[in-house]
Amino acid sequence: MEAEAILAALIPSWSSVVLLTFYLGYLAVAGFILPGKVVPGAILSDGTRLHYRCNGLVSLLMLLALLGTGFYMKWMSPTVIADKGVELLLTTFIFSLFVSLVLYAAGLKSCCQCSSLKPNVTGNFIHDWWFGVQLNPCFMGIDLKFFFVRAGMMGWLLINLSLLAKSYVTGTANLSVILYHFFCALYITDYFFYEEFMTSTWDIIAERLGFMLVFGDLVFIPFTFSIQGWWLLKNKVELTKVAAAANCLTFIIGYRVFRGANKQKHVFKKNPKAHIWGKPPKVIGGKLLSSGYWGIARHCNYLGDLLLALSFSFPCGTSSVIPYLYPIYLLILLIWRERRDEERCSQKYKEVWEEYCKLVPWRILPFVY
């Protein structure tokens, strides 16, 4: 019977399709009509630049208000996502697969020569489908790359809130559960508060939109980053006061490094003369920032990200490796991405990059790596 239940859950239900459709439809409409700061993106190779309406925080608050009303009126259950987790996972995966194939086909047919829509085709189907053909494909005026990452981050929070409601209903909510959900909620809310910083990240500036990003944004972020919440739903962990304090310290340090580094980079790109830690910035070759966190390690924001991932997993204790799959995956991903970044920066900045590497020898963790 249990095998039959699992098999049934692997078949997308109409209710999961409706949930996903309404969710993405809401984000599309809200992103278009709600007020928000319009931020210019990076200047592309042809001299053009996109503009992004950063109203993610307003969209999130409005969605939570609408969902809260729906729960109060008993139109839907707050545990609906937790109850349909596997169905929603499979439905979202099928959707991301479909979207990536459509993007591949549309990219091949594109005759546009602008940087955002110019086809970048190698002739290798797997490579082009995986990494994408176009840099910034749009649909009905919506920049899909920016839209999908917003959907993934917001989806992560919605899954967590449903899991928290499920924990409350089943009576399993305790300090571990509260710490995990509190840390994640702070991190995601902070992301949308500083959403404009996303416009200066490598994913938005340089990565083409293919299955890698579509799947990563819509499936991997919300369903894998919430793995600790799913695990805590079935496993009770009692943290000591010392463990809880250490967990809080890890989160605070990780947040300071992650947010501080990304903010310094974003501010520097907007105003190269802006002070870093109260002093004029040190710049190599007029291009590369070597002050603040960026004078400590070349990818110090990755260190902050890893510490945050660990702070999400520590509430689960040490009895299982499952809650640590996210930080383990993130470590592998960031080292792989750091290697790609190093290669691209070496080709782009040449001797300036070599000088920066001599001045800042550490890649992620000072004195270790």
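Which helix supplies the largest share of the lining of the second largest pocket? The answer is α7, with 8 residues, and this helix is a good place to start a tour of the structure. The model is a predicted one, in which local features need pLDDT of at least 70 and side-chain atom pairs count only at pLDDT 80 or more, while totals for chains, interfaces and linings use all residues. Residues are numbered from 1 along each chain as its sequence is written, and side-chain values use heavy atoms, with hydrogens and water left out.

The second largest pocket holds about 790 Å³ of space. Its lining counts 34 residues, and L19, Y23, L67, I81 and L158 are the closest to its centre. At least two lining residues each come from α2 (14–33), α3 (56–72), α4 (80–83), α5 (85–109), α7 and α10 (211–224). Helices here are DSSP runs of H or I with at least four residues, strands are runs of E with at least two, and both are numbered from the N terminus. A pocket is found on a 1 Å grid over the protein atoms alone, as an open set of points with protein on both sides within 12 Å along at least five of seven lines; a cavity is a set of points where a 1.4 Å probe fits but cannot get out, and lining residues have an atom within 4 Å of a point. Grid points are joined across faces, edges and corners, and a volume is the space filled by probe spheres set on the points.

Helix α7 (residues 144–170) also gives the most to the largest nonpolar core, with 13 residues. That core has 74 residues, and Y23, F148, M153, W156, Y187 and F312 have the most contacts inside it. A nonpolar core is a set of buried Ala, Val, Leu, Ile, Met, Phe, Trp, Tyr and Cys residues joined through side-chain atoms within 4.5 Å. Buried means under 20% relative accessible area, exposed over 50%, and partly exposed in between, with a 1.4 Å probe and protein chains only. Leaving aside neighbours within four places in sequence, W156 is in contact (heavy atoms within 4.5 Å) with Y180, C184, Y187, I188, I221, P222, F225, S226 and F312. A second, separate core of 17 residues includes A261, L288, A297 and W353.

Two polar residues of α7 deserve a look as well. R150 lies in this helix and has a relative accessible area of 5%, so it counts as buried. Beyond residues up to four places away in sequence, R150 touches Y23, G31, R53, C54, N55, G56, S59, F192 and E195. S167 is also in helix α7 and is buried, at 1% relative accessibility. With neighbours within four places in sequence set aside, the contacts of S167 are T172, A173, V177 and L233.

Aromatic rings come next. A pair of aromatic rings is described by the distance of the centres and the angle of the planes. Rings of Phe, Tyr and Trp (its six-membered ring) pair if their centres lie within 6.5 Å, and planes under 30 degrees apart count as stacked, over 60 as edge-to-face and the rest as tilted. By this rule there are 29 aromatic pairs. The rings of F125 and W129 are stacked, because their centres are 6.3 Å apart and their planes stand at 10°. Both residues lie in helix α6 (residues 125–131), 4 residues apart, about one turn of the helix. F125 is partly exposed at 39% relative accessibility, whereas W129 is buried at 13%. Y191 and F192 form an edge-to-face pair, with 5.0 Å centre to centre and 85° between the planes. Y191 is buried at 12% relative accessibility, and F192 is buried at 3%.

Strand β1 (residues 37–40) pairs with β2 in the antiparallel sense over 4 bridges; two strands pair if DSSP finds at least two bridges between them. V39 stands opposite Y52 in β2. In β2 (residues 51–54), Y52 and C54 form the covered face, and H51 and R53 the uncovered one. Y52 also appears in the lining of the largest cavity, together with G41, A42, L44, L50, N136, T199, I204 and I205. This cavity holds about 50 Å³ of space, and the whole structure has 2 cavities of 30 Å³ or more.
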